[in-house]
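Colleague: Could you walk me through how to read the sheets, helices and loops of this structure?

Modeller: Gladly, let us look together.

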Amino acid sequence: MKALAPGTVIFHRHRGYGVITAVNLLTGWIAARFGSESRTLDLNLSTDEVQYADGEAILFRRAPPDRMPHARLMAMVRALHEAGYQKLYLYSWPKPSGLHWRWHLFTGTRDWMQRSWREGWYGSGADYNVNPVMGWGENPAAATEELIHALAKFDPQGLAQALGRDEDHTAWFAQVCDALLPGYMYSLDMQRPNGGPLTEMPPVPVIPVRAGLPQYNGPEIGWPPGWAGLWTKVHAMPARRINLTGIPEA
């Protein structure tokens, strides 16, 4: 699927050429500005016969994009592992509401609870629904190789920290990707059920990344190496970097 994001040029048979100003991939609605009009027009991608500028139809319901970025991130991480960047880890976990899943890439030391934070290396499926980019300056429809090149250009120092070997995690991740991609992602969570103690090694939830997919019924996904024993430790939330700008972070 081509790019479908703010700034994309479109064509509508009654309005002519216009530019998308907002996209909501959850509902299939966009806002677009045509010509010199000062107001935007709301259009539905399923019924309003919106086309790309070259005339290709936007078939939102027939070829819907991923509603979550996690499967694309998994494919990128697997490719980087194969290229020798094995100290790269992807942590996915749900928001308290359970409606969206966060993601966090981190490098270097494999410490899931005290992982390092680098700007642009984490995000939320809630943001991705309306602006389907990771935040590295990549194209919204970027393939795996394009994602890698965009990340390397955005933060070469951060990516360099992923160089090295972590064979057991790389083997686990490759096995998970073979089982889940392209339609599913894993979720790592340590919720305390009803205020009780943490459950030792509970089943790993598997979530479809696009609408219309059936519930996952493949092989059970195990926890990644390095999680054993974490349920019996005292955990502190990972510390964000110190903000010295005075501007509150979102």
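Modeller: Let us start with a definition: two strands pair if DSSP finds at least two bridges between them. Please keep in mind as we go that this is a predicted model.

Colleague: Thanks. Which residue of β4 is the bridge partner of Ile 30?

Modeller: The general idea comes first. Strands of a sheet pair through backbone hydrogen bonds, either parallel or antiparallel. In this case, Leu 43 in β4 is the bridge partner of Ile 30. The strands involved, β3 (residues 29-34) and β4, are antiparallel and share four bridges. They form a hairpin with six residues between them, and Gly 35 in that turn has a positive phi of about 55 degrees.

Colleague: In what order do the strands of the open five-stranded sheet come?

Modeller: The order is β4-β3-β2-β1-β5, with antiparallel pairing. β4 and β5 are the edge strands, each pairing on one side only.

Colleague: How many bridges does β2 make with β3, and how many with β1?

Modeller: β2 and β3 pair antiparallel over six bridges, with Ala 31 in β3 as the bridge partner of Ala 22. Their hairpin has four residues between the strands, and Gly 28 there takes a positive phi near 85 degrees. On to β1: this strand and β2 (residues 16-24) are antiparallel partners over four bridges, and a hairpin of three residues joins them.

Colleague: Which residues pair with Phe 11, in β2 and in β5?

Modeller: In β2 the bridge partner of Phe 11 is Tyr 17, while in β5 Gln 51 stands opposite Phe 11. β1 (residues 9-12) and β5 run antiparallel and are joined by two bridges.

Colleague: And the other sheet: which of its strands stand at the edges?

Modeller: This open sheet has three strands in the order β6-β7-β8, paired antiparallel. β6 (88-94) and β8 (122-124) stand at the edges with a single partner strand each, so one side of each has no neighbour in the sheet. From one strand to the next, the twist averages 15 degrees. Between β6 and β7 (residues 101-107) there are seven bridges, in the antiparallel sense, and Pro 94 stands opposite Trp 101 in β7. Helix α1 packs on the sheet, where it touches β6 and β7, and its direction makes about 165 degrees with that of β6.

Colleague: That brings us to helices. How should I describe a pair that packs together?

Modeller: Two packed helices are described by the angle between their axes and the distance between the axes. Here, the axes of α1 (residues 70-82) and α3 (residues 144-154) come within 9 Å and cross at roughly 75 degrees. Angles of 65 to 115 degrees count as roughly perpendicular, so α1 is roughly perpendicular to α3. On the α1 side the contact is made by Arg 72, Ala 75, Met 76, Ala 79 and Leu 80, and on the α3 side by Thr 144, Leu 147, Ile 148 and Leu 151. By class, the contact has seven nonpolar residues, one polar and one charged.

Colleague: Which residues of α3 are buried, and which exposed residues does the opposite face carry?

Modeller: An α-helix has 3.6 residues a turn, so residues three or four places apart point the same way. In α3 the buried residues are Leu 147, Ile 148, Ala 150 and Leu 151. They lie on the same side of α3 because they cover an arc of only 165 degrees around the axis. The face turned away from that buried side carries the exposed residues His 149 and Lys 153. Among the elements covering the buried residues are α1 and α4 (156-160).

Colleague: Now the loops. Where does Glu 49 lie?

Modeller: Glu 49 is in the loop between β4 (41-44) and β5 (51-52). Although not a glycine, Glu 49 has a positive phi of about 55 degrees. Glu 49 is partly exposed, with a relative accessible area of 47%.

Colleague: And which peptide bond is cis?

Modeller: The one from Leu 181 to Pro 182, with omega near 5 degrees. Pro 182 lies in the loop between α5 (167-180) and β9 (184-186).

Colleague: One more: which residues does Gln 161 touch beyond four places away in sequence?

Modeller: Gln 161, in the loop between α4 and α5, touches Lys 87, Thr 107, Gly 108 and Arg 118. Its C-alpha is 9.8 Å from that of Gln 86, 75 residues apart in sequence.

How values were computed
Residues numbered from 1 in each chain as written. Predicted model: local features only at pLDDT ≥ 70, side-chain atom pairs only at ≥ 80, totals over all residues. Heavy atoms only, no water. Axes fitted to C-alpha atoms, helices over the stretch in contact; angles between N-to-C directions. Parallel < 35°, antiparallel > 145°, perpendicular 65-115°, else oblique. Contact = heavy atoms within 4.5 Å. Nonpolar A, V, L, I, M, F, W, Y, C, P; charged D, E, K, R; others polar. Buried < 20%, exposed > 50% of the residue type's maximum accessible area, 1.4 Å probe, protein only. Arc of directions from axis to C-beta.
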